[in-house]
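I opened this model to look up a few strands, two single residues and the contact between the chains. My notes follow in the order in which I checked things.

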Amino acid sequence: MPSIILRDTILQGNINQKDSITIDGVVVGDITADEIIVNMTADIKGNLIAVHNLETAGKVTGNLSSNKIHINNTAKIKGQIKTSNLKVDEGAQLEVQALTNINKK
Amino acid sequence: MFFKSTKKNGNEVDGFSHLGESFKFEGEIDCKGEIEIAGQIKGSIKAKKLRILETGKVRGFVYAEELEILGYMNGNAETNSVHVGPQGILKGNLIFQKSLSVLEGANLTCRVQKIRNNVKMEDTDKIKYLEHNQLASKK
C-alpha cells in the first residue's frame with residue numbers, strides 16, 4: 001500500500017518505503033521509495049531518492065535523484081538533481097546543480 | 001444563512017495520514033490529526049488519534065489522545081482512551097485517563113495504570129499562585 005503523509009504531520013528521521021509515497025507535510029530526513037510525490041504544502045529537508053518517478057510541487061532542500069523527475073510550477077528546490085529524464089514547468093524556483101545524462105547510453 | 005459553514009480552521013485537515021505496509025521509519029512523528037500505521041516505526045509518536053493496523057509494528061514512546069492497537073506495539077503509551085483489537089499485542093507500560101477496552105484474543109504483557117483526569121489545584125496552591133502573581137506585578 002502506498003503511504004500518504006498529510007500536512008498536519010511532521011516526521012523527523014529517515015523513511016524507507018518500497019512503494020509510492022505522497023507527502024503534504026513536513027519531513028526532516030532522507031526519503032527512499034519507488035515513487036515520491038511531493039505536494040504543494042510539503043516542506044522537505046533531506047535527500048529524495050526515488051527509483052522510478054519523482055514529482056515535486058513543494059519545497060525541497062536537498063538532493064533529488066530518480067529515473068524521471070517532474071518539477072511543477074509551484075516547486076522551490078535547492079540542491080542537486082540527478083536524473084536521466086527531467087521536466088521543469090514554467091515558474092519553478094530552482095537553485096540547483098543538475099546532472100541529466102546518467103544511465104543514458 | 002441556510003447552510004452551516006463547514007469551513008474548518010486553516011490548520012485542520014480532513015482525513016488521515018496513512019503509512020503503508022512497506023513503510024519503514026526511524027525517528028519522531030508529530031501529528032496534529034489522525035494517523036494510521038501499517039508499517040514499521042521505531043521512535044516516538046505524538047498524535048491526536050493513532051491507529052496501529054494489523055500489519056503495523058511500533059517500538060517506542062506513544063502519546064495519543066485516542067489509541068487503537070490492532071497490531072504490535074512495544075513501548076510506553078500515554079493516552080486518554082485506548083482500544084486493543086483481537087490481534088493486538090502490547091508490551092510495556094500503558095497509562096490511560098478515560099477508558100480502556102480490550103477485545104478477546106488480545107495479548108497484553110504490560111503494566112496498566114489509570115490516572116485521574118485532571119489534578120485539581122488545591123486552594124492553598126491557588127492562594128500561593130495569586131500571591132505570587134501580585135508580588136510579580138508589583139515588581
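**Entry 1: a strand in chain A**

Along strand S10 (residues 68–71) of chain A, which side chains point to one face and are buried, and which point to the other and are not? Before answering I note that this is a predicted model. I found Ile69(A) and Ile71(A) on the buried face. Lys68(A) and His70(A) point to the other face and are not buried. The alternation fits the general pattern, because in a regular strand the side chains alternate between the two faces of the sheet.

Next I looked up the partners of S10(A). Strand S7 (residues 48–56) of chain A pairs with S10(A) in the parallel sense, over 4 bridges. Within that pairing, Leu54(A) has Ile69(A) as its bridge partner. S10(A) is also joined to strand S12 (residues 86–88) of chain A by 3 bridges, and these two run parallel. There I found His70(A) opposite Lys87(A).

**Entry 2: chain A as a whole**

I counted elements next. Chain A has 13 strands and 0 helices, so its order from the N terminus is β-β-β-β-β-β-β-β-β-β-β-β-β, and its radius of gyration is 12 Å, close to the 13 Å that the globule rule gives for 105 residues. Chain A is therefore as compact as a globular protein of that length. The C-alpha trace of chain A spans about 40 × 30 × 20 Å along its principal axes.

Of the 105 residues in chain A, 37% are buried. I also looked at contacts in chain A between residues at least 6 apart in sequence: 1% of them join residues at least 24 apart.

**Entry 3: the nonpolar core**

How many residues does the largest nonpolar core have? I read off 53. The residues with the most contacts inside this core are Ile36(A), Val38(A), Leu48(A), Ile37(B), Leu50(B) and Ile52(B). S5(A) gives the most to the core, with 5 residues.

I followed up on Ile36(A). Leaving aside neighbours within four places in sequence, Ile36(A) is in contact with Ile21(A), Ile31(A), Leu48(A), Ala50(A) and Leu54(A). Leu54(A) is the residue I had already met as the bridge partner of Ile69(A).

**Entry 4: Gly29(A)**

Gly29(A) is in the loop between strand S4 (26–28) and strand S5 (31–38) of chain A. Is Gly29(A) buried or exposed? Gly29(A) has 18 other C-beta atoms within 10 Å and so is partly exposed, since a residue needs 20 or more to be buried and 12 or fewer to be exposed.

I then listed what Gly29(A) touches, not counting residues up to four places away in sequence. In chain A these are Leu11(A), Gln12(A), Gly13(A), Asn14(A), Ile15(A) and Gly46(A); Gly27(B) is on the list as well. The C-alpha atoms of Gly29(A) and Ile44(A) are separated by 7.7 Å, with their positions 15 residues apart along the chain.

**Entry 5: where the chains meet**

I turned to the contact between the chains. 24 residues of chain B are in contact with 20 residues of chain A. On the chain B side, the elements that give two or more residues are strand S1 (16–19) and strand S2 (23–31). S2(B) gives the most, with 9 residues. By type, the residues on this side of chain B are 9 nonpolar, 9 polar and 6 charged.

S2(B) is also joined to strand S2 (residues 9–17) of chain A by 9 bridges, and the two run antiparallel. One position I noted is Ile15(A), which stands opposite Phe25(B). Ile15(A) is also among the residues that Gly29(A) touches.

**Entry 6: chain B and Tyr72(B)**

Chain B has 1 helix and 11 strands. Read along the sequence, the helix comes after the strands: β-β-β-β-β-β-β-β-β-β-β-α. Of the 139 residues of chain B, 29% count as buried.

My last lookup was Tyr72(B), in strand S8 (residues 72–74) of chain B. Tyr72(B) has 19 C-beta neighbours inside 10 Å and therefore counts as partly exposed. Leaving aside neighbours within four places in sequence, Tyr72(B) is in contact with Gly56(B), Lys57(B) and Ile89(B). The C-alpha atoms of Tyr72(B) and Leu135(B), 63 residues apart along the chain, are separated by 52 Å.

Terms used: Residues numbered from 1 in each chain as written. Chains lettered and ligands numbered in written order. Predicted model: local features only at pLDDT ≥ 70, side-chain atom pairs only at ≥ 80, totals over all residues. Contact = placed C-beta atoms within 7 Å. Nonpolar A, V, L, I, M, F, W, Y, C, P; charged D, E, K, R; others polar. Pairing = 2+ DSSP bridges. Core = buried A, V, L, I, M, F, W, Y, C linked by C-beta atoms within 7 Å. Rg over C-alpha atoms; globule rule 2.2 N^0.38 Å.
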